[in-house]
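Colleague: I should like to learn how to read a helix and its surroundings in a model of this kind. Where should one begin?

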Amino acid sequence: MTLATAVAMAMFLGVVIYALFAGADFGSGFYDLTAGFDSRGSDLRTLVDTSIGPVWEANHVWLIYILVIWWTGFPSAFAAATTTLFIPLSLALAGIVLRGASFAFRKYSETFAQARLFGAIFASSSVITPFFLGTAAGAIASGRVPAEGYGDPMGSWINPTSLVGGCLAVATCIFLAGVFLTADADRAGEVGLASRLRTRTLAVGVVAGGVVFAGLYPVWHDAPTLSHGLRTAAAALLVVAAVAGLATLVLVYRRRFGVARVAAVAAVAAVVTGWGVGQYPWMLVDQLTINDAAGADATLVGLLIVVALAGVVVLPPLVYLFRLTQQWTRT
Amino acid sequence: MPVAFSDAVLLLADPPGLLPARQQMAVSLGFHIILACFGVAFPTIIYVVHRRGIVRDDQVALGLAKRWAKVSAVLFAIGAVSGTVLSFEMGLLWPGLMGRFGDVLGLPFAFEGLSFFVEAIFLGIYLYGWGRMPPRLHLAMLIPMGVSGVVGTFCVVSVNAWMNNPAGFSIRDGEVTDVNPWRAMFNDGVWLQFLHMWVAAFMVVGLVVSGVYAAGLLRGRNDAHHRLGFTVPFVFASVAAIAQPLIGHVLGMRIHDSQPAKLAAFELAETTEGPAPFRLGGVLIDGEVHGALEIPRLGSIIARNSFDAPVPGLDTVPRQDWPPVNITHLSFQSMVVIGTALAAGVLLYWLLRWRGRDLLDNRWFLRFAVAAGPLAILAVEFGWTATEVGRQPWTVWHILRTADAATTMAGLWWSYSAVLIIYVGMTVGAWIVLRSMARRWRAGEADLPSPYGPPREDSVT
């Protein structure tokens, strides 16, 4: 394994973690959005607030982690992507900003009208953001980001693979959030809320699974390099995703919400990892390999030091924070 | 050729995306820097009141710590968002910089990300910890926050210092080679620039927070809560405000060696003179200085620490390498004037206090204290404007022109307009929320929610 591959893997680990944590986070915006008007939706909105409260901002950090490793480790590929995907990235960014700020503002809102305004912005931007990030991923995976940058500003992200990527991102976010919120509601003893969420999560799960596997069909034709990888190296991961996804549905149906979370995480992680493995060894599919895109060796070593440091400095307190907040919100 | 004409030619030669890209970056950086100051300095200030609350069993101090923690959570939340924006913008607006030099300048950003992560996590633990952790351990959660503020400042400023003092690479046949990211990170300019910004953060936060309590005192809320809420941040701000002119002076002297064109613009020096006068105010129009108040020799003293050493003029710099002189000059001097006034103000307060007179009973001093917060923010904005505009037309000093760093995407005015609207909205939102928190606190509500904090007691089911 080359130095560049190691850094690319560290970066992709960030992508997987971001997809999981921010995914659950974004997806909860969907339930917030569709919770119903005013007092009808208030128990669900309170649950969303409580569930993502302690972790929601940490999720941005994963995104920053990905961006920083990308531009430091693979600068030319980064510049190629930002110049080509200016529009979807800007729109995703706008979503992130509106979402983060309005979530904070809603929490402090004094009046119901204020809370409703900020809540609506929060919820709708939560759904928009993963869509645009997904289209950007689709552009890279289908070879539409040229190595020298400044590719087609519209066609690069409005195409079959990008649209599949966008829908897939939204669907997996909603699916993950549904499983987590159901488990949280159940643990908090809110039986009515939990059973409402359970029904929705089951419906969402079926749709999400459908999107993932139906999406393979257009990708097959639109992104030959990726689909070759998906058929060969990543095939096992797709099987894992299918099995874990089905297991999640069964577990949610049988009200084993705690274990269902593990299965859901496994399913989504397998889908995302499948994409990564499927396009290996390309950084920008058909354009730039990981090794060709890599920056100076000294910098790659520096990045690996940062990653190792993160494992030591960041992970233990992060785990501690999760454990504390889980205990505290329970009592 | 008249200068005005050549200006127009230069403007026409610029790619269309350059101006909106610079404006968008300026707005998002100018917004973020204020919040970043709070992330850097607030934990340390909170630590002092919180510690006082525990050690002396002082309920007033504990109450302050609790409120400040919630305020810092709101500001941190917005800052996290505006920081994310910046990391996108590095690529969206400056692909020419990141694509070529990403592996040279990127490493400090990685460390900054790390320290930001640490701060976010410990802020979460701290907010959840009230009444749930042993008090001493809970207090200690602020320490990693303060430390990561220092590290984060160093890293971000390090990248900017590198743009002013490029190091850690060489260029052969137009290709960037021999990359040494550590040398880039620890470039010659980093320590002083870091110190300047770190101290500025304490000035901003100290003066803004003490100003809030000064406003309360002005309205007759003269109680222990307001007096302590004023004093602790004011002490921090005082130390910072008095140290800052000295740090700035030493930093300014470096510029003579590293960036003479910037210094010439700071000093509005059209021609090289020694001894050089200090020109207060004034603008350069068609190669002539208008409306400046000249103080003989002071220019040499400030820039060179000497009575007669020459200050290099713009005549030593090729015309196409001039920064926009007037913006640079006026921003620089506004920063200096405000900084000096703030230092004088805090000095006066402590002198009189030493003589047994407390200016907290003086309405004029309280008005000054209220104004000092916004003034400190202005000084930071002016300072960044001066150093950034003064570096033009270069993004990386004498290596990469800003025109080559900027994206050539069309339609940047759209994204700039959107950024402007969203940021105005965020500012208004933050203002409304903070005001309403203050109102509710005054009305006696103790348990307000906060972004990273636990749910309110009454909403836990």
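**Reading a helix in its setting**

Modeller: Let us begin with burial in this predicted model. In chain B, 35 of the 35 residues of H4(B) are buried, so this helix is largely enclosed by the rest of the structure.

Colleague: How does the span of H4 in chain B compare with that of a straight helix of 35 residues?

Modeller: The general idea is to set the distance between the end C-alpha atoms against a rise of 1.5 Å a residue. Helix H4 of chain B, residues 95-129, spans only 43 Å, whereas a straight helix of 35 residues would span 51 Å.

Colleague: Where does H4(B) bend, and by how much?

Modeller: The bend is at Gly102(B) and amounts to about 90 degrees. After the helix comes Gly131(B), with a positive phi near 75 degrees.

Colleague: How should I read the contact between chain B and chain A?

Modeller: In general, the size of an interface is often given as the accessible area lost when the parts come together. Here we can count residues instead: chain A contributes 60 residues to the contact and chain B contributes 58 residues. On the chain B side, at least two residues each come from helix H3 (59-93), H4, helix H7 (181-185) and helix H15 (412-442). H4(B) supplies the largest share of that side, 21 residues. By type, the chain B side consists of 39 nonpolar, 16 polar and three charged residues.

Colleague: What can be said of the nonpolar core, and which residues touch the most other members?

Modeller: In soluble globular proteins, nonpolar side chains tend to be buried together. The largest nonpolar core here has 269 residues, and Met203(B), Val204(B), Val205(B) and Ala376(B) touch the most other members. H4(B) provides the largest share of this core, 21 residues.

Colleague: Which residues is Val204(B) in contact with, leaving aside its neighbours within four places in sequence?

Modeller: They are Ile34(B), Cys37(B), Ala376(B), Ile377(B) and Val380(B).

Colleague: How, finally, does one describe chain B as a whole?

Modeller: One counts its elements and then considers its dimensions. Chain B has 15 helices and eight strands. Its radius of gyration is 23 Å, close to the 23 Å that the globule rule gives for 461 residues, so chain B is as compact as a globular protein of that length. The C-alpha trace of chain B spans about 70 × 50 × 40 Å along its principal axes. Of the 461 residues in chain B, 51% are buried. Among contacts in chain B with a separation of 6 or more, 76% join residues 24 or more positions apart.

Technical notes:
Residues numbered from 1 in each chain as written. Chains lettered and ligands numbered in written order. Predicted model: local features only at pLDDT ≥ 70, side-chain atom pairs only at ≥ 80, totals over all residues. Helix = DSSP H or I, 4+ residues; strand = E, 2+ residues; numbered from the N terminus. Expected span 1.5 Å × (residues − 1). Bend = angle between axes of the 7 residues up to and from the residue. Buried ≥ 20, exposed ≤ 12 C-beta atoms within 10 Å, placed from the backbone. Contact = placed C-beta atoms within 7 Å. Nonpolar A, V, L, I, M, F, W, Y, C, P; charged D, E, K, R; others polar. Rg over C-alpha atoms; globule rule 2.2 N^0.38 Å. Core = buried A, V, L, I, M, F, W, Y, C linked by C-beta atoms within 7 Å.
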